[in-house]
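Subject: Structure for you to look at

Hi,

Here is the structure I promised to send over. Have a look at it first, and then read on for what turned up.

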Amino acid sequence: MAVYLIGGSPCSGKSTIAMALSAKYDLHYFKVDDHLDKYIKMGAMDKKKCCTRVEKMTPEQIWMRDPLVQCEEELLIYEEIFDYILADLEKLDCNAGIITEGAAYLPILAKRQSIPANRYISITPTKEFQVFHYKKREWVPYVLAECSDKAKAFENWMERDALFAKAVQQQCNELGYASLMNHGERSVDELVDSVAAHLGLG
């Protein structure tokens, strides 16, 4: 069974592209973010360091920290929960194949699993694209509702994700994986076609 991974950073268009590929090529779509809370809880139960710490933190404690600390922690969390994601993928019975996406698919983790270069791609946004689209997401205020300085918390969040995008791009460059930058200048159809071509779909 073929499994195609789309990694990258948040708010880059991963979900939109994966859903389009799922519909176009009859692939099962597995969205890691739908299971993220479960994975972090599992990590905490297994006494994994970052998962245990983050599960107990308040929004104020999470978002008012240095963005670099937040980014480094995010990278470590994805390492801690990666085995849980793989276990869920193995449970899926999909003859046509699986398209799965999430920031958790770090290039370094894909390499450790010997994922071929033509089965993985990362998508990262420019910071401008990222901030513009985050501001349009209705659930963002709820995430930051308990923060004492919501503007600063949002600024930290955006800087964390920008740093995360750079880390993913660097890993791709070092490990020989493709990395697509979304500037917002190409249509969704063009991005979908680019990713499909790289993954050898169709």
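Which strand does strand 4 pair with in the parallel sense over five bridges? The answer is strand 5, residues 178-182. Before going further, please keep in mind that this is a predicted model.

**Strand 4 and its partners**

On the strand 5 side, I121 has A178 as its bridge partner. Strand 4 also runs parallel to strand 1, and four bridges join the two. I121 turns up again here, since I6 stands opposite I121.

How many of the six residues of strand 4 are buried? Six of the six are, so the strand is largely enclosed by the rest of the structure. The side chains split into two sets: Y120, S122 and T124 point one way, while I121, I123 and P125 point the other.

I123 is a handy residue to click on. It belongs to strand 4, which spans residues 120-125, and its relative accessible area is 0%, so I123 counts as buried. Beyond its close sequence neighbours (up to four places away), I123 touches I6, G7, G8, S9, S12, K14, I17, L180, N182 and V195. For a sense of distance, take A145: it is 22 residues from I123 in sequence, and the two C-alpha atoms are 29 Å apart in space.

**Cores**

In soluble globular proteins, nonpolar side chains tend to be buried together. In this model the largest nonpolar core has 46 residues, and Y78, I81, I85 and Y105 have the most contacts inside it. At least two residues each come from helix 2, helix 3, helix 4, helix 5, helix 6 (107-112), helix 7 and helix 9. Helix 5 gives the most, with 10 residues. If you zoom in on I81, you will find it in contact with L36, Y39, I40 and C51, leaving aside neighbours within four places in sequence.

There is also a second, separate core of 17 residues, with I6, A18, L21 and L180 among them. Two of those names should look familiar: I6 and L180 are also touched by I123.

**Pockets**

This is probably the part you want for your own work. Where is the centre of the largest pocket to be found, going by the residues nearest to it? Look for D33, L36, Y134, W139 and W157, which lie nearest the centre in a lining of 39 residues. The space in this pocket comes to about 1,200 Å³. Elements giving two or more residues to its lining include helix 1 (14-25), helix 2 (36-45), helix 7 (127-134) and helix 9 (150-175). Helix 5 supplies the largest share, five residues. By class, the lining has 18 nonpolar, eight polar and 13 charged residues. L36 is worth a second look, as it lies by the pocket centre and is also in contact with I81.

The second largest pocket has a volume of about 200 Å³. Its lining is made up of M1, V3, L5, F82, L86, L89, E90, I98, Q113 and I115. Strand 1 (3-8) and helix 5 are the elements that give two or more residues to it, and helix 5 has the largest share with four. By class, eight of the lining residues are nonpolar, one is polar and one is charged.

So helix 5 is a good place to start browsing: it gives the most to the largest core and the largest share to the lining of the largest pocket and of the second largest one.

Cheers

Note on methods
Residues numbered from 1 in each chain as written. Predicted model: local features only at pLDDT ≥ 70, side-chain atom pairs only at ≥ 80, totals over all residues. Heavy atoms only, no water. Buried < 20%, exposed > 50% of the residue type's maximum accessible area, 1.4 Å probe, protein only. Contact = heavy atoms within 4.5 Å. 1 Å grid on protein atoms, 1.4 Å probe; cavity = no way out; pocket = protein on both sides within 12 Å on 5 of 7 lines; lining within 4 Å. Points joined across faces, edges and corners; volume = space filled by probe spheres on them. Nonpolar A, V, L, I, M, F, W, Y, C, P; charged D, E, K, R; others polar. Pairing = 2+ DSSP bridges. Core = buried A, V, L, I, M, F, W, Y, C linked by side-chain atoms within 4.5 Å.
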